[in-house]
Amino acid sequence: MKEVFVVEAARTPIARAGKQSWFINVRAEELTAIVYKELRKRCGLEDKKKQAEIIDDVVWATCANAFMEQGLNIGRLAWILSDGAYEVAGCTVDRFCASGLQSIQYAVSTMMCGWGGDVQFAGGVQHMTHIPMGAGADIHPDLGKYMDLGAINMGYTAEIVARRFNITREEQDQFAYESHMKAAKAQEKDKVGSVTIPVKVKVPAASIAKRNPNPFNKEAAYVASDHLAKARAEKGEEDVEVVVAIDQGTRPDTTLEGLAAMPTVFMQDEKATVTAGNSSQINDAAAGVVLATEEGVKKLGLKPKMKLVSYAVIGLEPEIMGIGPALAIPKVLKRAGMTQDQIDLWEINEAFASQSVYVQKALNLPKDRLNVWGSGISIGHPLACTGARIACDITAMLADPDFSDVEYVVESMCIGHGHGAAAIWQRVK
Ligand SMILES: CC(C)(COP(=O)(O)OP(=O)(O)OC[C@H]1O[C@@H](n2cnc3c(N)ncnc32)[C@H](O)[C@@H]1OP(=O)(O)O)[C@@H](O)C(=O)NCCC(=O)NCCS
């Protein structure tokens, strides 16, 4: 088996989906194309002839709603939109919330066994403003015989986990509060600046009244096209052109009192605990990595950053999908012949605080080593982008002096419809 390394990583900022999204005027293919272009630039692969010679495949992810702008094999069409060489192939995969990690695993696996060449791009995108989660869903009439159909709605599963495993509202709000505080601190120091691509784009005027999208005054690396902005202007919407360089959804002003006062959103009975404050956000973003075998590393002349040690997925009852990481992590550790005490950092996507608290308690994870710069609640959870977003941010952590002692990082997430995924990353020294 060949060894495969991550040699580059980049992502767009993460916009908070909805009427105020900083990416309301940028389609999913364009977010993807921006990541492709940036990865090619970082790897010295701007020349099309070189791309054709060196890059074997692009494995991209979008999930739940692979239609409209996310359809027609977005992995391939976005490559063409990015003015990439035709000779480089491209596909699109879906494992719901793990899709961005799954695309990396598929690329790594084919490269390890010799079927995937020496260099591949992998990652994912989700535009939850343009294509809301659940849009176009068409459930088979018999599915309800085999699963609780409530579990199609992820918020419902968060309530079930809280109830079945006695996770209180206070525990959830505390977890959400800490997530925002960690992310706010990281954002203040621009911890993920090295992997985040500043994009010039027209954003809703009201959206920047609340947050400065470019607190470090960065130059734009790319300028978004203006088709959607023109259409909005014709409808009388007020947009302003800015450089977006940070994640939009982090709320440094979060307080425990504010969270405690928020109404529940998915269930309304007296036991309900899940609010907009202790749920992951809905988001628009793309993220990707460049993977290379030893031969590929030589061709690119780059230094490997990290490698995938092992990967595992598990399946479980859909209504408690949130506990997936508590099952996937022991499986991946066993598969790698490792134990929990060997892991230095834990990056476990926060779909909801209820499931995050469950996983933290079930595995007794050290809080100071869990989601150290925030996660889905505070950074965002653009479904199929998330797995790749986490991988990108791990490369930034490994380069950060605060984590110079870190060798192994676990990345994991729960997955809608009842499964979980986990991967172990190792620093390449
Ligand atoms: C929960 C959910 C429905 C909330 O949607 P929303 O109403 O658009 O959420 P918002 O983030 O806009 O928050 C709504 C309001 O709550 C308040 N709020 C949210 N987080 C807050 C915080 N940390 N502190 C204080 N107020 C907060 C704000 O008033 C906010 O409105 P504002 O942005 O205009 O100030 C949505 O985020 C969701 O569906 N999340 C789960 C997504 C999911 O299932 N993913 C898959 C997981 S497997």
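Analyst: The expected span of a helix is 1.5 Å times one less than its number of residues. Keep that rule in mind as we read this predicted model, beginning with one of its helices.

User: What span should the 16 residues of H13 have, and how far apart are its end C-alpha atoms?

Analyst: The 16 residues of H13 should span 22 Å at 1.5 Å a residue, and the end C-alpha atoms of this helix are 24 Å apart, which agrees with the expectation. As for its surroundings, H13 is mostly covered, since 16 of its 16 residues are buried.

User: How should I read a set of positions that comes from a record, and which residues does UniProt list for "active site"?

Analyst: Such annotations may be inferred rather than shown by experiment, which is a reason to say where they come from. Here the UniProt entry, which is unreviewed, lists Cys97, His381 and Cys414 under "active site". These residues are spread over 318 residues of sequence, and yet they cluster in space, with a largest C-alpha distance of 11.7 Å. Cys97, His381 and Cys414 also belong to the lining of the largest pocket.

User: Where is the place of Cys97, and is Cys97 buried or exposed?

Analyst: Cys97 has its place in the loop between strand E4 (91–93) and helix H4 (99–113). It counts as buried because its relative accessibility is 6%, and the cut-off for that word is under 20%. Leaving out residues up to four places away in sequence, Cys97 touches Cys63, His381, Leu383, Thr386, Met413, Cys414, Ile415 and Gly416.

User: Where is the place of His381, and which residues does His381 touch?

Analyst: His381 has its place in the loop between H12 and helix H13 (383–398), and its relative accessible area of 3% makes it buried. Among the residues that His381 touches, not counting those up to four places away in sequence, are Cys97, Met128, Ser280, Asn349 and Thr386. One of these partners, Ser280, lies in the loop between helix H9 (256–260) and strand E9 (283–293). Ser280 counts as buried because its relative accessibility is 17%, and besides His381 it touches Glu350, Ala351, Phe352, Gly376 and Ile377, again leaving out residues up to four places away in sequence.

User: How do I read a domain given by a record, and where does UniProt place "domain: Thiolase C-terminal"?

Analyst: You can take the range from the record and then look at what the model contains there. The unreviewed UniProt entry places this feature at residues 303–426. In the model, the end C-alpha atoms of residues 303–426 lie 14 Å apart, and the span is 31% helix and 24% strand.

User: How many aromatic pairs does the structure hold?

Analyst: The structure holds 6 aromatic pairs. One of them is formed by Phe165 and Tyr358, which are tilted, with 4.5 Å from centre to centre and 50° between the planes. This pair links distant parts of the chain, because Phe165 is in the loop between helix H5 (154–164) and helix H6 (169–188), whereas Tyr358 is in helix H12 (residues 353–362), 193 residues apart. The two rings belong to residues with their own labels: Phe165, at 26% relative accessibility, counts as partly exposed, while Tyr358, at 19%, counts as buried.

User: Which residues form one aromatic cluster?

Analyst: Tyr36, Trp60, Trp79 and Phe121 form one aromatic cluster. Trp79 has a further partner, for the charged end of Arg40 sits over its ring, 4.7 Å from the centre.

User: How do I read the sign of a phi angle?

Analyst: Most residues other than glycine have a negative phi, and a positive value is therefore something to look for. Asn73 is a case, with phi near 55°; it is found in the loop between strand E3 (57–61) and helix H3 (74–81), and its relative accessible area of 31% makes it partly exposed. Asp190 also has phi near 55°; it is found in the loop between H6 and strand E6 (199–204), and at 22% relative accessibility Asp190 counts as partly exposed.

User: How far apart are Val26 and Asp284 in sequence and in space?

Analyst: Val26 and Asp284 are 258 residues apart in sequence, but 9.1 Å apart in space, C-alpha to C-alpha. Val26 is found in the loop between strand E2 (15–16) and helix H1 (28–42), and it counts as buried because its relative accessibility is 0%. Setting aside neighbours within four places in sequence, Val26 is in contact with Leu31, His127, His130, Val201, Ala224 and Leu228.

Methods. Residues numbered from 1 in each chain as written. Predicted model: local features only at pLDDT ≥ 70, side-chain atom pairs only at ≥ 80, totals over all residues. Heavy atoms only, no water. Phe/Tyr/Trp six-rings, centres within 6.5 Å; stacked < 30°, edge-to-face > 60°. Helix = DSSP H or I, 4+ residues; strand = E, 2+ residues; numbered from the N terminus. Buried < 20%, exposed > 50% of the residue type's maximum accessible area, 1.4 Å probe, protein only. Lys NZ or Arg CZ within 6 Å of the ring centre and 35° of its normal. 1 Å grid on protein atoms, 1.4 Å probe; cavity = no way out; pocket = protein on both sides within 12 Å on 5 of 7 lines; lining within 4 Å. Contact = heavy atoms within 4.5 Å.
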